[in-house]
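Hi,

Here is the structure I promised to pass on. Have a look at it first, and then read on for what turned up.

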Amino acid sequence: KRNDWCLKDDEYHLTVLGVIRRPDGKYLITRRGDKHGTSWWEVSGGAAQAGESSEEAVRREVLE
């Protein structure tokens, strides 16, 4: 199940995560907030778009 719809047996939802490490050993992480005032740390990632490879999706998500 994804949000309010269900996938069929032969369907899938591809998600990606990108861990970015700089030459000095530091990592890129982002802080996400919500409408309730809470927040958490995460690495960049999200859903691939139709026809997109995993690598294309993670590069786009990191740029976003």
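Below is what was found, starting with the overall layout and ending with the charged side chains.

A word on ground rules: this is a predicted model, where local features need pLDDT of at least 70 and side-chain atom pairs count only at pLDDT 80 or more, while totals for chains, interfaces and linings use all residues. Residues are numbered from 1 along each chain as its sequence is written, and side-chain values use heavy atoms, with hydrogens and water left out.

**Overall layout**

The protein has 1 helix and 6 strands (DSSP runs numbered from the N terminus: H or I of at least four residues for helices, E of at least two for strands). Going from the N terminus, the order is β-β-β-β-β-β-α. The C-alpha trace spans about 45 × 35 × 15 Å along its principal axes. The radius of gyration is 15 Å, where a compact globule of 64 residues would have one near 11 Å (taken over C-alpha atoms; the globule rule is 2.2 Å times the number of residues to the power 0.38). Of the 64 residues, 12% count as buried (buried is under 20% relative accessible area, exposed over 50%, partly exposed in between, with a 1.4 Å probe and protein chains only).

**A loop residue**

Where does Ile29 lie? It is in the loop between β3 (27-28) and β4 (30-33). Ile29 counts as partly exposed because its relative accessibility is 42%. Leaving aside residues up to four places away in sequence, Ile29 touches Trp41, Glu42 and Val43 (a contact means heavy atoms within 4.5 Å).

**Salt bridges**

Side chains of opposite charge can pair when their charged atoms come close. The count here comes to 6 salt bridges (a side-chain nitrogen of Lys or Arg within 4 Å of a carboxyl oxygen of Asp or Glu).

One of them joins Arg59 and Glu55, at 3.0 Å, N to O. These two are 4 residues apart in helix α1 (residues 54-63), so about one helical turn separates them. Arg59 is exposed at 55% relative accessibility, and Glu55 is partly exposed at 49%.

Arg60 is worth a look too. Its side chain meets that of Glu52 at 2.8 Å, N to O, and both of these residues are buried. Arg60 also forms a salt bridge with Glu64 at 3.0 Å, N to O; Glu64 counts as exposed, at 64% relative accessibility. Glu52, Arg60, Glu61 and Glu64 are linked in a network of salt bridges.

Cheers
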